[in-house]
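What follows is a walk through one protein chain, from its overall form to individual residues. Please keep the model open while reading.

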Amino acid sequence: MTVTAAQGFTAAGIAAGIKENGNPDLALVVNNGPRLAAAGVFTSNRVKAAPVQWSEQVLRGGAVSAVVLNSGGANACTGPKGFQDTHATAEKVAEALGGEHNAGEVAVASTGLIGVLLPMDKLLPGVETAVAALSADGGEAAAIAIKTTDTVHKTAAVTREGWTVGGMAKGAGMLAPGLATMLVVLTTDADLDSATLDRALRSATRTTFDRVDSDGCMSTNDTVLLLASGASGRAPAYEDFAEAVRTVCDDLARQLIGDAEGASKDIRIEVVGAASEDDAVEVGRSIARNNLLKCAIHGEDPNWGRVLSAIGTTRAAFDPDRLNVAINGVWVCKNGSVGEDRDLVSMKDREVRITADLSSGSESAVIWANDLTAEYVHENSAYSS
């Protein structure tokens, strides 16, 4: 159920001393081939961390032999020195792996506090330790090493007819469209080229990671990578492969929402009856980011008026007198006014389902969000690592 579920990959996760608490903080995933195809999707934030800038360049070559990831520091907003440190990290990985490896095929990802330089005197020796620890069973250790405020590590995998897609993710805060604040490494032993990987990855992220919106905040470090080793010798049809990639991404995205900082509710927002998919997504995101609604849901109050007011801030096509809202299957708002008795709504379970019907067309979209809690405020006021 990890990045090493697919043949041709080894991984490791170790404590390099980047985190002051001594927890694991450095992960390495290596593609042992025979194919080194890769694709990546990165944050749409205009402020991009040095590892994102570096890895975007690496992906243009279409080949990735290794990914090195650290927690305990984002290496974002660190100027030329931060980029030099990223380059030095890739160089160190290539050197430690030896053989045919070169820095231009090593992707780098970082997560943690923004605006602080990484302790390279700890990170670089840690790379050597990670290389020595590489194993076909190292996927779980790698997933643990990339955690920051995550309470659990996140992995997933699916196996089809002779080939596999596996993956790991980190992320518990700043989850918003533009990927969600995450580091994700996906692997497959399918024998496919980079163009096919890119097409499948972008299709998958569009309806999974891009529709996770925990707190409306967007990171500088979002990175999702898909690597193919070709070790299975199988070249599945595109539709089958894309479905498997989406399944793994959807699994990991749900794990991100389920572990969001301080959350007590997971909110599934489905917008139906939209004139276009873009309208549905815009409305879903507006509902997901309405702090008044998020507070109401934390208090288990089916306050549908806050849903309508969120819809009203969008550019979507709708008639206010034809809007309908259901909370956990109870249509509490019909035709823009009072519907079924709100006392019929039970909100005791972790998952809360909101359906917003725009009555303007046949398109739909689902956005996942969380409630707003005192624990979230406390965690983000105290967070510094």
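A convenient place to enter this predicted model is N75, which touches A49, A50, P51, G82, D85, T86, S110, L113, V116 and L118 when residues up to four places away in sequence are not counted. N75 sits in the loop between β4 and α2. With a relative accessibility of 1%, N75 is counted as buried, because the limit for that class is under 20%. The side chain of N75 also reaches the backbone oxygen of G82, at a distance of 3.0 Å.

C77 has its place in the loop between β4 and α2 as well. Is C77 buried or exposed? C77 is exposed, at a relative accessible area of 51%. Its backbone also deserves a look: phi of C77 is near 60 degrees, a positive value in a residue other than glycine.

Strand β4 contains S71. The relative accessible area of S71 is 0%, so this residue is buried. Apart from neighbours within four places in sequence, S71 is in contact with I18, K19, P24, D25, T111, A145, I146, K147 and T148. With one of these, K19, the side chain of S71 makes a polar contact of 3.2 Å. A365 lies 294 residues from S71 along the chain, and the C-alpha atoms of S71 and A365 are separated by 33 Å.

Now step back to the whole chain. How many helices and strands are there in the chain? There are 10 helices and 15 strands. The radius of gyration is 22 Å, close to the 21 Å given by the globule rule for 385 residues, so the chain is as compact as a globular protein of that length. Along the principal axes, the C-alpha atoms fill a box of roughly 70 × 50 × 35 Å. Of the 385 residues, 56% are buried. Counting contacts between residues at least 6 apart in sequence, 80% join residues at least 24 apart. The chain exposes about 14,900 Å², of which carbon and sulfur atoms supply 47%.

The interior can be described through its nonpolar cores. The largest nonpolar core has 49 residues, and those with the most contacts inside it are L28, V64, V67, L69 and M168. A second, separate core has 34 residues, including A39, V158, A228 and A242. Returning to L28, its contacts beyond four places in sequence are with T10, A11, A12, A66, V67, V68, V93, A130, V131 and L134.

Two of the contacts of L28, A130 and V131, are also among the buried residues of α3. The others buried in α3 are M120, L123, G126 and V127. An α-helix has 3.6 residues a turn, so residues three or four places apart point the same way. The buried residues of α3 pack against β1 (9–14), β2 (26–31), β4 (66–71) and α2 (79–97). The length of α3 can be checked as well: at 1.5 Å a residue, its 14 residues (120–133) should span 20 Å, and the end C-alpha atoms are 20 Å apart, which agrees.

Helix α1 (residues 50–60) has A50, P51, V52, W54, S55, V58 and L59 buried. What covers these buried residues includes β3 (37–42), α2, β5 (106–111) and β9 (223–228). Just after α1, G62 takes a positive phi of about 80 degrees.

From α1 the path leads to T223, which lies in strand β9. T223 is 168 residues from S55 in sequence, yet their C-alpha atoms are 8.7 Å apart in space. The relative accessible area of T223 is 2%, and T223 is therefore buried. Its contacts, leaving aside neighbours within four places in sequence, are V41, F42, V52, M182, L183 and V184. The side chain of T223 reaches the backbone oxygen of N221 at 3.0 Å.

Two further backbone details remain. The peptide bond from G33 to P34 is cis, with omega near 20 degrees, and P34 is in the loop between β2 and β3. S359, in the loop between β14 (351–357) and β15 (363–370), has a positive phi of about 55 degrees although it is not a glycine. S359 is buried, with a relative accessible area of 18%.

Notes: Residues are numbered from 1 along each chain as its sequence is written. Side-chain values use heavy atoms; hydrogens and water are left out. Helices (H or I, at least four residues) and strands (E, at least two) are DSSP runs, numbered from the N terminus. The expected span of a helix is 1.5 Å times one less than its number of residues. Buried means under 20% relative accessible area, exposed over 50%, partly exposed in between (1.4 Å probe, protein chains only). Contact means heavy atoms within 4.5 Å. A polar contact is a pair of N or O atoms within 3.5 Å; within protein, one must be able to donate a hydrogen and the other to accept it, and residues adjacent in sequence count only if both atoms are side-chain atoms. The radius of gyration is taken over C-alpha atoms; the globule rule is 2.2 Å times the number of residues to the power 0.38. Accessible areas come from the Shrake-Rupley method with a 1.4 Å probe; for residues, only the protein chains shown count as cover. A nonpolar core is a set of buried Ala, Val, Leu, Ile, Met, Phe, Trp, Tyr and Cys residues joined through side-chain atoms within 4.5 Å.
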